[in-house]
Amino acid sequence: MLPANRTDEDMIMKFILLPFALKVLEQDRHAFEHTRYPELYMRPIDDLVVRLANEKRIINKRMVQHGYAVERLSMDEHFIYYRWFNRDGRNGDLPFLRVNLRSMTLALLGNYLFGVSSENPANKDDPLHKDAIQFEVFE
């Protein structure tokens with residue numbers, strides 16, 4: 001079961017995906033530390049980490065304001081299972097294929113790399129706009 005409206009669904013998806021995106025950037029940063037010109041790569045990555053951390057803070061605050069909580073239930077070789085709750089007593093399970101979480105995380109990173117966030121919306125006709133990403137949830 002998904003939340004009642006698209007805004008809440010997007011908020012929950014970002015709550016799940018932003019930690020993955022930050023982890024990817026942390027790994028990329030580490031990989032670029034040993035290049036010939038690390039400063040060429042480090043500054044854009046650091047700037048993006050700051051933007052994503054701010055977005056994560058905003059999403060966390062919205063989750064509290066809207067009365068939502070999300071927990072990871074379990075994971076196996078192919079799936080990661082989450083459950084969301086809200087203060088109205090509604091809840092739902094969100095099983096994700098690992099490969100889909102990876103592709104959704106990369107799409108989210110692509111949005112931020114091209115200057116799209118909830119605080120800085122771009123042209124909605126742009127295929128990289130946040131509303132153009134279709135999150136895949138298996139129920």
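**A loop threonine and the aromatic pairs**

With a relative accessibility of 28%, Thr 35 counts as partly exposed, because that class covers values from 20% up to 50%. The model examined here is a predicted one. Within this model, Thr 35 sits in the loop that runs between helix α1 (6-32) and helix α2 (38-65). A polar atom of the Thr 35 side chain lies 2.9 Å from the backbone oxygen of Phe 32.

Attention now turns to the aromatic rings. Four aromatic pairs are present in the structure, and two of them are described here, beginning with Tyr 68 and Trp 84. The ring centres of Tyr 68 and Trp 84 are 5.7 Å apart and their planes meet at 50°, so this pair is classed as tilted. An angle of this kind is neither under 30 degrees, as stacking would need, nor over 60, as an edge-to-face pair would need. The two partners come from distant parts of the chain: Tyr 68 belongs to strand β1 (residues 68-75) and Trp 84 to strand β2 (residues 79-86), with their positions 16 residues apart in the numbering. Both Tyr 68 and Trp 84 are buried.

The other pair is formed by Tyr 82 and Phe 96. Here the ring centres are 5.9 Å apart and the planes stand at 75°, so the arrangement is edge-to-face. Because Tyr 82 lies in strand β2 and Phe 96 in strand β3 (residues 91-97), the pair ties together parts that are 14 residues apart in sequence. Tyr 82 is buried, as is Phe 96.

Notes:
Residues numbered from 1 in each chain as written. Predicted model: local features only at pLDDT ≥ 70, side-chain atom pairs only at ≥ 80, totals over all residues. Heavy atoms only, no water. Phe/Tyr/Trp six-rings, centres within 6.5 Å; stacked < 30°, edge-to-face > 60°. Helix = DSSP H or I, 4+ residues; strand = E, 2+ residues; numbered from the N terminus. Buried < 20%, exposed > 50% of the residue type's maximum accessible area, 1.4 Å probe, protein only. Polar contact = N/O pair within 3.5 Å; in protein donor to acceptor, adjacent residues only side chain to side chain.
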